Every structure is written in C-alpha cells, then in structure tokens.
Amino acid sequence: MHSLEIKNCDFIDTAQYHVSALNVKGEVSSVATIVVKRFQEGKEAGPLDPKPHGFCAEHGVTFETTIIDKFEVAFGREGETLSLGCTVIVYPTVKKYQPEVVWYRNSVPLKPSKWVHTHWSGERATVTLVHLNKEDEGMYTLRVNTKSGFDTYSAYVFVRDADVEVEGVPVAPLDVRCHDANKDYVVVTWKQPAVEGSSSILGYYIDRCEVGTHHWAQCNDSPVKYARFPVTGLVEGRSYIFRVRALNKEGVSRPSRVSEAVVAMDPSDRARLRGERHTIVLLTYLGVVPGEPCDVVVTEATKSYVVLAWKPPVQRGHEGVMYYIEKCISGTDIWQRVNTGMPVKSPRFALFDLAEGKSYSFRVRCCNSAGVGEASVSTGEITVGDKLELPSAPGNPVATRNTDTSVVVIWGASQVKHLVGYYIEYTVVGTDKWMPCNNKPVKQTRFVCHGLTTGTNCVFRVKAVNAAGYSQSSPDSDAVVVQAFQFVVYLLSVKFVVYLPALKRYFNHFSFSENVFYQFQVRAMNMAGVSKASLASAALECKEWTITVAGAPVGLHVLEVRDTSVVVLWEPPAFNGRTPVNGYYLDVKKASAGEEGWKAAHEKANKMKYMKVTGLKAGTSYVFRVRAQNLAGVGKPSAVLGPILAQTHPGTKEIYVDVDDDGVISMIFECSEMKEGSEFVWSKNYQTITDTSRLTIITEQGKSRAIFNSPSLEDLGIFSCVVTNTDGISSSYTLTEEGLKRLLDISHDHKFPVIPFKSEMAMDLLEKGRVRFWTQVEKCTSACQVEYIFNDVIITEGQKYTMNFDKSTGIIEMFMDSLEITDEGTFTFNLVDGKAKGTTSLVLIGDGKLQKKSEFERAEWVRKQGPHFVEYLDFTVTPECNVLLKCKVIKVTVNICTVISKADAGIYEVFLRDDRGKDKSTFNLTDAGKVLYLILSVNSPMSIDLYAPHFSIRDAKIAASERVKSGVTGEQLWLKINEPTEKDKGKYTMDIFDGKDGVKRVFDLTGKDRARVVGGLPDVVAIQEGKSLNLTGNVWGEPVPEVSWTKNDRELVSDERYKLKFEHGKFASITIAAVTTTDSGKYALLVKNKYGTEAGEFTVNERLGYLQSILPPAHAGALSSLNK
C-alpha cells in the first residue's frame, strides 16, 4: 500500500494528482483531483485545526507566524529529562505584543507541574519533561496564537521503559488515576504495560501512601487481574496517593508513577470547596432512627469483588448516618452482615471474598446514635464474575514504508467495550524477539512506528487492551523493508520550488553589451525535470564599475554548524573597485533582532574568505553578512545569509586523528547519513585539495581517511571534509606545529615501540649468600624473549646462573650462588617482544660491602649446619636481684645465675663443638657496669614528683587536692584528675629520682580532641503548628569543630525560616520561626574537625494542640528554650 499525505492543505494544493506504478511487465497509473475550499467561518475549528490568518484591526497589521527549527520525533527513557523546542517568528514585530504559546499532548493542553516545565523566551518556545514516564508518551503540539489566527507544529515523543532489575519481570503499569472518591472509599484505575515480561501478567498490587509521609501500604493481599480496584478503609479528611505494580512468574515490576493526590471526603463537601452550588434538602430529626437507603445497585462486578452504591435516606439524624451492608446467598433466607466491626461512612462499598459463580442479594441499613434503621430494598440476585470481556484480536495489520527509520501500520478495529487502546509490536525477520513500538496505548487504528533501523526487514502485529486485560495478538503483517518510499507525483497547474543542496548559488556571465539593460530569471532542476522560471529581476544596466570601494561578496554559505559556533564562507565580489580587495568584515545578529542588532564578529580585517564564528547561543537563529574592503574603504554588505539555527545536528561526528601500529598518521571522518550520490570532499583551508602528493584519500562506505604521505610543516592548516547530498554534514581539524610534533612523536613510538618497565633492574641478597637480579615489565605477550648479558657477553643457565621469566606477572629473575670479585661489572636484560624492545641494566663495581655481606650470609648458613647458638650469650636480672647469664643452643637453654659484684667484671665465653663443627658466643660484662649499678640500686628509696602544665617559663608543681590525686599501686604510678576543665590542658612531666640517677616521662594533653556533640539535644520534639522552636546543642572538640545542620539528610542553610547559629565555639542552635507540617522530619547536628566527626540526631513531629519533648536521662535539661 502506498499513500500521499498532504498536511495543512492550502489553496495552492488544488490540483490534479497523477501516480504511476512501473515494473518490467508494464505501467499502470491513476489520476485524482483535489479541490481545497475556503475555510467556513460558521464551523468551529478544533483546538489544533489551522486557521487562515486575518487582519488585526487593533494593531492595524496582519500577523504572519512562521515556526522554524522544529523538534523532530524524539525518544527518551524513563527517568531521563527531555526538552522540545521551536523557534517562532511573528511578522511584523509589534512593540509590547507577544503571541500566546500553548503546548498540547494528544490534543490536551499541558499545564505546568513538577513533571512539565514550559518556557517562552520571546523567540523560542520550549517544554521540558523533567522526569520521563510512559504517561509522557504521545503527540506533542506547539500552538502559537496571534490576533490574526494561529499556527501549529506536531511531532511524536516515545518513552522507552527503564531497565528492569530482574530479568523477565514485567515493566511498570501506567496512567494511575482515582475516581469516585468518598469519605472512606476510592476507585483506582490504571493501564496495563506494553511488555508483560517472560510470562503473562498474573495480576497487580495496589499501594497507597498518605500525603506527607513516606510509608507505602499494600491495599490488596492477593493480586487482582482487573485494571480497576476499589480501595476502602481510608480516613476521612486525609489525602492519599496511589501506585500500582505488576506481577508475573518471575517477580514484581517497578511501581508506576504515583497518582494525583485525592482527599477522602464527601463529594458534596468537595463540590462546595470548588465553589459549585447544589441544592440539598436534609430533614434532620434529633434522636430519631434514620430511614432506609434507596436505589441500592451493583455498579461493578468482577470475580474478585462487587461494588455497591446507594442514595442516603431523606430522614436522618442531626449527626449524620453510617451504613451496614448485608448479603444473602441465593436460595436461602439468611442475611449476613458484611461489615460487622465498623459501619461505613460512604454510600459506596466493595465486597471481597465472594465465591465466583455464586449468586448473592444485597441490602443496606442506616444507623446513627439513635439506632439501626430498616433495611433497603434488595438488589436482586447478582452472579459473581467478570462482566467485561476481553477484547477481540485486531484485524490484519498492513505495514507500508514511510521514511528511512519509520513504517506506517494500519489495522482493523477490535470489537470490544470500553477499549483502552492498542499496542503495536515488531520483530526483525529471522529473530523471535518482539519489541514494542509504543509504550502508551493508542486508540486510533493507524500508527507511525519510528526508531527502526534502516534496511531491516520487519514484521508487525497489534493487540488490544481494556480493563479486563489483553486481547490475542493480530495476525502478523507482511514483511516490509525499512527505507524511505520514493515516488514521483506530477502536480499540474501548481507552482513549486526545488531547493538544490549546492553550495554555489551565483553565476558570472561576461557576454554582455555595454549601456544595455538586462533582466534575469532562474530555474531549478532535479531528476524529475526543470521548474518554472523565477520572477524576473530588476533591470540592470551593463556598464563599467566606477565606484571606488569593492562590491558586495557573493556565495555566502555555512559549514560545521554547531551549538556554539559556525563557519561562514563566501566568494570575493564581482568588482574589486579602484584597488584590489585586501580584507573582509563579517557581521552577525540574531534573526529576531532589528537592524540595530548587527554586530561585527571581529575587529581587524580578515584576509581569508572564511571565518569561524564562536560564542553563539545554542538553539538561537542567526543571520550573517559580509563586507569587502580595499584601500578606498569598505563596500556595501552582501545579501543576508540565514537564518541559521545554532544547533549541532544529532549524530554529528568530528574529524579525529589516528596513528596506526606502523606509525602512519591519518585523519578520519565518519558519516552515518550517507545517501545515494553522497561523497566525501576534503579541503585544506576550505579550498578543495588538488595536490595528491601530500594526502592519500581512501573512502570505504561511511568512512573517509586522509593519510599524510610525508607529514611536515607544509601540512599545517585547517583540514575540512564535507559530505555532499546531506543536510550540510561537515567537520574540520586544525593541524598546528605543536600538534604535528606530538603526532610525529606518537608515530615514532608506534614504529619503534619500547617495552615499558614497571621497575628497573634491582638486586636482592638471599639466604646462603645467593644473589637475585630481577625486574618487572608492565605488559608483554607470550612471544616475549629475554637475553641475559654480563659485560657484553651473553650468559646462559648453568652451574652458576639460574634464570626465570614469569610472563603472567612480567617478573624476570636471574640467580647467582655467590658474589665474587670476578662478578664486578654490568648486568643487562635485553627484551624483544615483536617490534617492541626494552633494556635494563645494573652496575656492580667496587661494592666491597655487598661482597662481604654475601660472604657473611654464606658463612652463617655454613655455621648453622653444625652445632650453633640460636641465641647468643646475654644477661637478665631475676626478681631476687641475681644476674642471669644465658644462651640458647638449638633447643637447649644454658643458664648461669649468680650474685655479681664489681669483681666479676670481664669477658665471658661459651664454646660448642662436635664432629660436625664448632661455634662460640662472647659477652663483655665490663660494658654493663652502669646497668648493673642501676639493677643493684633498684630497692633504694625513690621520690616521685608530678608537675603542672607548661603554661609559663617556670614549671609549677601539682598540689594534691580532692580533684587532683596521685599515688603508686603495685608497679604503676598514676595521676587522677576529676572533672577536667580547659585549665587542665598542657604537658605533664613525671620525674623518678633515687638520689643518683633519674627517669623523666612527658605526656601531652594539649587538647587534640575529636569533634563531639556532648549534650543539649532531645530524641523527639512534638510541637503545635504555628509555634516557634529553638534547640541548642553543646559541642566539644579541639580544634573548634565545623558545625552544620541537616533535615532528612539534606543540609540546611540559614535563612528567614531556619536561623542557624554557632556561638563561643561551644553552642550550636537552630530556630524555626513558625512550625508547619512540612517541618516534621529527622534532623541532625553534624560536627567535624581533623580528629573526627559526630552527629547528634533528633526528630521533630508537628502535633495539634499540645507540646511535648522527650529527653533521655543523659540529656536532662537539654531543651534550652521554646518560644510559645
């Protein structure tokens, strides 16, 4: 199926349309005549219907609206932020007049909310969806209303599901709404999601949350299949929000977007609050039993529940009435009260736990403080079961080509009551994975599926959905290839213009006669033929250019359009004037500004025929003009170029430089929007490259590579690439001298790669005097080889050398049994890994200490092979003040204990000997005289002095008191300070003296304390709304801590509402001027210094009519003040 769609028909669309189909068998054609009639004023237009512009008598003009820089079909994912925008030009400009800008989604006006932000800057209209959900999917329309009419533009926005947390679970339901709200009852509805997961949806869970809290409670114990559920048990006067989760065999989906808040209250009270007027006649009798309700009916009946509704009685008590509901099983006369615990307040009630397939009768009784009234008339027998059937499968879908990324799908309508909409799915031929085209059901039977991959072969199917569930899927459509449908339509008697993508739209002609007037016309041409001629230009006389200044430059066009920059190019003027052109000036202004908005893009004359304009504002349209200069002055400006929208084309890529493994330097430009006939055109300094000796161009599919044959300073400049037959896709790369040097260095490294070392060669001395030479490389391949060299001679593994190379860790090792004098020299590891090479060396010359250490280690190893000392001869002092000389031989300890005097000074030796060898241990007791003297004096009297902190030059001795005490317990000396204060900070010194020698110990208590909250804050504060609250916390720490306050884990800032103070480095306070419900929450006082951090937490609850503060015992008296 092929179709032609003409949007916003105008009179010029009146024509005869001819379409032909041609193949090898022949040709067939068809003709249709379309007549566009004048708009009928008597018929009211729809909200999005375009209307012809008319004259505005108030301002004396006819406003013409043009919408440019239009947003295209957009795709987003749940949770992301998406902005749509258009530039609006209203001509003429009237001072202090602005058009009305309105945004629509699916023909419904959008209102600003926490989800939707709209903005009108005077020239650009934007709408921002701050947190995408599937509810945001649909057709978005911008409507610009002026006093001459209005214009519109529309495009579709698709919102994809967020990734599921568990594979196979369904995605979240959508469009949760509340209906029929009453005192303790509300009906919640939603729409089923497009994707059920790996198995069918078993049902849904409904959650509710009271506004102002964060606690979600599940409303139903078992999942409900029906997409509609009555929620009971609400508290009158409170507001609630709801959300829904889907369930299948794999698990539960993410919750849907929450519903709008709904208040549980009587509908008449709600109408009165809205200002609606109702006449209600109430007959109130004090102390009278109410009458019976009337019109008891079943409004909803499913296999899960039944909903009853009735009208209140005319006769009721002064305090109002409540209701009891009774049921009776068919075939019996026994009535059972359903709500035995508590009567309901609303004239609505949902009954659950009824047996599916059984019949019941229901009735209602009223009650008040005077008693229970008579029962209402019975509803009659009602059979429990679903009354709404599943929709039937839609008709056969037909898929037709549309664009390179979209397909139009049309299908037959489903026969069903209360249709919610349709979901369209597609799969690529050869796969069995079906993917949704839309995530929000659509009600029409025609849909354009966007976001498809060009060239893929796709099959489509459709399923309908209502509150009961999904229908069976429709039959699969015929496969269709995703690509633009090309056809030729001949419009007879209609004038049209073909815009060529050529950069050069000027022409020089020289065969004219002097003093003759000429006029010119232009025709456009494409593959379909030649257009009609343009309007004739004004008559121009051919004569010599006698003006002294240069003419206007021509051929203005732009390349490399980005969000903040654009490159403007031009050709020199046809006439230079009296002297040659020596420079140009480029002017720029916003498209919406007046003539006074022109500004020079640069100060000095530009000698090039191009210039990059920077500092543009993204999303704004600009116009440009160029003036030529010669010695006589500056000439007239060129024709205005534009408007040009400063916006980076989606998918735009920049030229990047690549250096391959062989060191070849090249520039690469990629384009994913190549069309038939598109080519890459490379330029240097925006002049087409004709000298192929410097560059070699290689193009493969959507990638072009410009290879430098021999890079040098001759190649410096701006290299640009343009893709023809596209929407101006282009990019440039500036090669500077510094950049060329960097690239040449990289090229050299690639040609001659070096193996990187993680550590250079090092040497370790091991047991037995063995020597280990080692190094580690950062990375290497399995083909890496090592050559071991000593003094330029290759050495191999043998009796003296042992080698090891662990390629997994990159560690290279070489072992020697001993280090001798002949081993002085240079040790080298040479590595070869493919083309990469690496060398590391270690020089050992004149290092006698190392050789001696090696010999010592080997001698130690030899000594330990025979009898040897594990611990050499040493001494200790016993509790009896004897000197114990001891040593340890393998597992035997030798002790010599005696009372030593000065006569025992000397050198003591112990010898070991057997058939394996011998060993000797020596102890010089002559050097231990001082130690022995102290040991022998340990029982002499000692004095202990404790000194105060060093606050002055002279030390002050601490005097004993009730607060400061000192003493000796066993072997411990102690000082105790009760209730320390700031004055107790400082350095404490303890001196021990026995009359001859002494020992001094110093302890620093200068105040290095971590930050702490030491008191002053309660655990819970309950306060009446409207009162003021002031709390003060006590803070400790040295240095003085940094203080901050948080509410619900968000930092507070001192302002008119929250006054935060920190005084004297000790007291942190918070004051809330007038407490409201929003001030309830979890608060914390955070203190921090370089030694630590601590938080004092408390909770503030707003309560009506009383004030209470609960303090823990440790914080008695903590609440400093509370202003009532």
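Buried means under 20% relative accessible area, exposed over 50%, and partly exposed in between, with a 1.4 Å probe and protein chains only. By that cut-off Glu-326 is buried, with a relative accessible area of 6%.

The structure is a predicted model, in which local features need pLDDT of at least 70 and side-chain atom pairs count only at pLDDT 80 or more, while totals for chains, interfaces and linings use all residues. Residues are numbered from 1 along each chain as its sequence is written, and side-chain values use heavy atoms, with hydrogens and water left out.

**Overall content**

The protein has 1124 residues, of which 38% count as buried. Its secondary structure comes to four helices and 86 strands; helices (H or I, at least four residues) and strands (E, at least two) are DSSP runs, numbered from the N terminus. The accessible surface is about 66000 Å², and 52% of it belongs to carbon and sulfur atoms. Accessible areas come from the Shrake-Rupley method with a 1.4 Å probe; for residues, only the protein chains shown count as cover. Contact means heavy atoms within 4.5 Å. Among contacts between residues at least 6 apart in sequence, 61% join residues at least 24 apart.

**Salt bridges**

Side chains of opposite charge can pair when their charged atoms come close. A salt bridge is here a side-chain nitrogen of Lys or Arg within 4 Å of a carboxyl oxygen of Asp or Glu. The structure holds 31 salt bridges, including those in the table.

| Salt bridge | Closest N to O distance |
|---|---|
| Arg-105 and Asp-136 | 3.3 Å |
| Arg-365 and Glu-326 | 2.8 Å |
| Glu-425 and Arg-461 | 2.8 Å |

Arg-105 forms a salt bridge with Asp-136. This pair links distant parts of the chain, with Arg-105 in strand E6 and Asp-136 in the loop between E9 and E10, 31 residues apart. Arg-105 counts as buried at 17% relative accessibility, and Asp-136 counts as buried at 1%. The side chain of Asp-136 also makes a polar contact with the side chain of Arg-257, at 3.0 Å. A polar contact is a pair of N or O atoms within 3.5 Å; within protein, one must be able to donate a hydrogen and the other to accept it, and residues adjacent in sequence count only if both atoms are side-chain atoms. Leaving aside neighbours within four places in sequence, the contacts of Asp-136 are Arg-105, Leu-129, His-131, Val-159 and Arg-257.

Arg-365 forms a salt bridge with Glu-326. Arg-365 lies in strand E27 (residues 359-368) and Glu-326 in strand E24 (residues 322-329), so the salt bridge ties together parts that are 39 residues apart in sequence. Arg-365 is buried, with a relative accessible area of 18%.

Glu-425 and Arg-461 meet through their side chains in a salt bridge. Glu-425 belongs to strand E32 (residues 419-428) and Arg-461 to strand E35 (residues 457-466), so this pair ties together parts that are 36 residues apart in sequence. The relative accessible area of Glu-425 is 10%, and the residue is buried. Salt bridges that share partners join Glu-196, Glu-425, Arg-461 and Lys-463 into one network.

**A residue of strand E10**

Leu-142 lies in strand E10 (residues 138-146) and is buried, with a relative accessible area of 0%. Leaving aside neighbours within four places in sequence, Leu-142 is in contact with nine residues' worth of surroundings, namely Cys-86, Val-88, Val-101, Val-102, Trp-103, Ala-125, Asp-151, Thr-152 and Tyr-153. Leu-142 and Cys-86 are 56 residues apart in sequence and 8.1 Å apart in space, C-alpha to C-alpha.

**An open sheet**

Three strands form an open sheet with antiparallel pairing, in the order E21-E22-E26. Strand E21 (294-301) and strand E26 (348-352) are the edge strands, and each pairs on one side only. Neighbouring strands of this sheet are turned by 25° against each other on average, direction ignored. The axes are lines fitted to C-alpha atoms, for helices over the stretch in contact, and angles run from 0 to 180 degrees between N-to-C directions. Two strands pair if DSSP finds at least two bridges between them. Strand E22 (residues 305-311) is joined to E26 by five bridges. Phe-349 in E26 is the bridge partner of Leu-308.

**Backbone exceptions**

Most residues other than glycine have a negative phi, and most peptide bonds are trans. The peptide bond from Tyr-91 to Pro-92 is cis, with omega near -5°, and Pro-92 is found in the loop between strand E5 (82-91) and strand E6 (100-105). The bond from Glu-1038 to Pro-1039 is also cis, with omega near 5°; Pro-1039 sits in the loop between strand E79 (1029-1038) and strand E80 (1042-1047).

Ser-107 is not a glycine but has a positive phi of about 70°. Ser-107 is placed in the loop between E6 and strand E7 (108-109) and is partly exposed, with a relative accessible area of 40%. Asn-791 has a positive phi near 50°. The loop between strand E61 (785-790) and strand E62 (793-794) holds Asn-791, which is partly exposed at a relative accessible area of 35%.
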